[in-house]
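Okay, thanks for coming, everyone. I've got one structure to walk you through today, so let me put it up on the screen.

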Amino acid sequence: MTDVATAPKVEEKLFQNRYLVDAGKPHIKVRAHEVPSAGLLSMTKLCPAGCYALTESGQVEVAADGCLECGTCRIMTKTTGEIEWNYPRGGFGVLYKFG
Amino acid sequence: MANVEDKFDAIVVGAGPSGNAAAYTMAREGLNVLQIERGEYAGSKNVQGAILYADALEKIIPEFRDEAPLERHVIEQRMWTMDDTSHTGMHYRSSDFNEAKPNRYTILRAQFDKWFSSKVKEAGALVLCETTVTELVKDLTGTVIGVRTDRQGNPIYADVVVLAEGVNGLVGQRSGLREEVAADSVALAVKEMHFLPRETIEARFNLKGNEGVVIEAMGTITKGMTGTGFLYTNEESISVGIGCIVSDFAQSQVSPSELLEAFKAHPSIAPLIEGAEVKEYAAHLIPEGGYKAIPQLTGEGWIVVGDAGQFVNAVHREGSNLAMTTGRLAAETVVRLHRLGEEMSARNLKDYETRLEASFVMKDLKKYKGIPALLHRNKGTFFGAYPRLISQAMQTWFRVDGVDKKSKEQAILRNFRQTRTLRGLIGDAWSVARAWR
């Protein structure tokens, strides 16, 4: 039985996946902010790919290279508009082998 | 083959089950169809459990079994309610499912969608991959007349645009056709692909040849959230996943990937996937709002199919069959109007909604229209209290410890009454019965 405490981290899971990263053109951007909303802050826990992190000065930042393109963050911030969310350019992003 | 500069009879946005069903049906009937897909190939962006229900595809491609990449036909369905150390199961296994034309199959969507797309091309549609549709193009009256993509160049025009763009539905949203998806009517599911030799899978699940088993599970595995876990046997892999309503994740602040790890570590699941090599980790949203969450489906020059229209029967875990059926019905409406030389107006496209009403799609979604809200409102009860009570009752009943059976019966009933109260038990039964009707 796997011990949850020693379970693989999200980053390790993402190594299994195929991606074609559109270098320099992230498809998700967090707008500049002083204090993140509860919805945006929760993405540091809720993002299934662990793309969101809290900086030392208390802002939420995104590194979308490992994004699984689920859309949860867009829905979580729909009322605050703190995230600019687009699909990656055609052909880029996660490339599921099995789906 | 048509040139992209031309005007098409129809443009289909997206190449999942609904888009492929629509594009195939229209192209086969001779319409000049352009299908646009953002993935490298059809299927590369698509995620599902996944179970294919034969009936919906048979109505589109009757001979699909001869060539489609299918994993295993399902002969056994296990429904589990789980607490932290146990599962109580209702299993249905029948050799009747070993029929010449099996009813349900496990599939791998990336491979299946690629095959379906090849059929769309054979039928004569032009399939443009690696292209993201960015917006709908409207004329001065607001009628949709085409699409813009992220490729340079002019808009591409068509008589009608079929929006098969999936659950996120950005194109329709940003063109003002519908609202953003609500956090309480969509589930976030995460899934891993666990590879094992086929003999190992067959031994662990008591299978021969291409027989398969599916497990659907609910209970404390979702940590008080509205959701379910699943495990599906494929030919040489096992799909394991778990999903919960997004607003519940927001409330609980549970990490989806940790939720999946805990599900995999459950003593009822861990031995089934032990020693497997994980080859993919996926996440996807599933529309779970049911009938009440269905957006506007038709308008001037546009029509919505599949997940973009919230066509998922969450109670029965059906989605791809609703997707294919809505895609086919939308296409049949378009083909009919095209043949009659009629406009693709909002009024004429309503024919699609009439067809939907007459099909199992709307009948089933209507039947269960009260279920999503009921489960969500009482998630602590249905996904926590009852699974625990059922497990405790089973344990009390099966453990032989010198206590007489009458006392055991009384202890079980007392536990139910103390946890839910008599009024609560009756209320729960009443509200489920009413929502189920």
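Let's go straight to where the two chains meet: 46 residues of chain B are in contact with 32 residues of chain A. On the chain B side, five elements each supply at least two of the touching residues: helix H3 (109-122), strand E11 (186-195), helix H6 (246-252), helix H7 (256-265) and strand E15 (277-287). And which of them gives the largest share? That's E15(B), with eight residues. If you sort that side of chain B by class, you get 23 nonpolar, eleven polar and twelve charged residues.

Now, before anyone asks, this is a predicted model. The predictor gives the complex an ipTM of 0.94 and a pTM of 0.95. For chain B, the mean pLDDT is 96, and 99% of its residues come in at 70 or more. As a general reminder, where pLDDT is low, you shouldn't read the predicted coordinates in detail.

Okay, over to the partner, chain A. It has 99 residues, and 42% of them are buried. What does its secondary structure come to? Three helices and six strands. Start at the N terminus and you can read the order off as α-β-β-α-β-β-α-β-β. The C-alpha trace of chain A spans about 40 × 35 × 20 Å along its principal axes.

One last thing on chain A, about its contacts. Take the ones with a separation of 6 or more: 68% of those are between residues 24 or more positions apart.

That's my bit, happy to scroll around if anyone wants another look.

Terms used. Residues numbered from 1 in each chain as written. Chains lettered and ligands numbered in written order. Predicted model: local features only at pLDDT ≥ 70, side-chain atom pairs only at ≥ 80, totals over all residues. Helix = DSSP H or I, 4+ residues; strand = E, 2+ residues; numbered from the N terminus. Buried ≥ 20, exposed ≤ 12 C-beta atoms within 10 Å, placed from the backbone. Contact = placed C-beta atoms within 7 Å. pLDDT = per-residue confidence, 0-100. Nonpolar A, V, L, I, M, F, W, Y, C, P; charged D, E, K, R; others polar.
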